[in-house]
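Hi,

Here is the structure I promised to pass on. Have a look at it first, then read my notes below.

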Amino acid sequence: MHRDDAMKQFHSGDDRLAELIDESPAAPLPTPDTDVPMVSRSVRLPLETYERVRAAAEARGIGVTTLMRQWIEAGLADLDDSATVSLADVRRALASLAHPTAA
């Protein structure tokens, strides 16, 4: 059925549209990527900022939303001093203190 025909039937109160909907196969819903309930929020970003985030996400092989969520979680962890630092990062930081590079 064409969209315009469906709209006419809907606005006329024609029951055939309801029957058509009832007969349609159920559309598969996407499977959530997490068991944790999520809240969707809209964030307005300057285009240049968004392009930088998109490029950073693409370089990591993840979605923009996933990267933004990771950054927000990291920022919140910094606020409550509960950040987890990888041992490799700690070793690199200590090594750079032990052997400072010439400025």
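Let's start with helix H4 and its length. H4 has 16 residues, which at 1.5 Å a residue should span 22 Å, and its end C-alpha atoms are 23 Å apart, so the two agree. (The expected span of a helix is 1.5 Å times one less than its number of residues.) Helices here are DSSP runs of H or I with at least four residues, strands are runs of E with at least two, and both are numbered from the N terminus.

Before going further, you should know that this is a predicted model, where local features need pLDDT of at least 70 and side-chain atom pairs count only at pLDDT 80 or more, while totals for chains, interfaces and linings use all residues. Residues are numbered from 1 along each chain as its sequence is written, and side-chain values use heavy atoms, with hydrogens and water left out.

Back to H4. Which of its residues are buried? They are Val64, Leu67 and Ala77. Looking down the axis of H4, these buried residues fall within an arc of 155 degrees, so they line one face of the helix. (The arc is that of the directions from the helix axis to the C-beta atoms.) "Buried" means under 20% relative accessible area, "exposed" means over 50%, and "partly exposed" is in between, using a 1.4 Å probe and protein chains only. On the other side of H4, you'll find Thr65, Ile72 and Leu79 exposed.

What do the buried residues of H4 pack against? Their partner is helix H3, residues 47–60. One residue to look at in H3 is Tyr50, which is partly exposed at 32% relative accessibility. Leaving aside neighbours within four places in sequence, Tyr50 is in contact with Leu45 and Val64 (contact means heavy atoms within 4.5 Å). Tyr50 and Val64 are 14 residues apart along the chain, and 8.9 Å separates their C-alpha atoms.

Now zoom out to the protein chain. Its secondary structure comes to five helices and zero strands, giving the pattern α-α-α-α-α along the sequence. Of its 103 residues, 9% count as buried. The chain exposes about 9600 Å², with carbon and sulfur atoms supplying 57% of that. Accessible areas come from the Shrake-Rupley method with a 1.4 Å probe, and for residues only the protein chains shown count as cover.

Next, the charged pairs. Side chains of opposite charge can pair when their charged atoms come close. The term "salt bridge" is used for a side-chain nitrogen of Lys or Arg within 4 Å of a carboxyl oxygen of Asp or Glu. How many turn up in a search of the whole structure? The search finds three.

Here they are, helix by helix:

- In H3, the side chains of Arg54 and Glu51 meet at 2.8 Å, N to O. They sit three residues apart in that helix, about one turn. Arg54 is partly exposed, with a relative accessible area of 32%, and Glu51 is partly exposed too, at 33%.
- Arg54 also forms a salt bridge with Glu58, the closest N and O atoms being 3.3 Å apart. This pair lies in H3 as well, four residues apart, about one turn of the helix. Glu58 counts as exposed, at 59% relative accessibility.
- In H5, Arg92 and Asp89 meet at 2.4 Å, N to O. Being three residues apart in that helix, they are separated by about one helical turn. Arg92 counts as exposed at 52% relative accessibility, and Asp89 as partly exposed at 38%.

Glu51, Arg54 and Glu58 are therefore worth viewing together, as they are linked in a network of salt bridges.

Last stop: helix H5. It has 12 residues and reaches 16 Å from its first C-alpha to its last, close to the 16 Å expected at 1.5 Å a residue. Why does H5 lie largely in the open? Because the number of its residues that are buried is zero.

There is also a nonpolar surface patch of about 500 Å², made by Val85, Leu87, Val90, Leu94 and Leu97. Patches are made of residues with over 30% relative accessible area and no salt bridge, joining like charges within 9 Å and nonpolar side chains (Val, Leu, Ile, Met, Phe, Trp, Tyr) within 5 Å. Val85 is found in the loop between H4 (64–79) and H5 (87–98), and is exposed, with a relative accessible area of 52%.

Cheers
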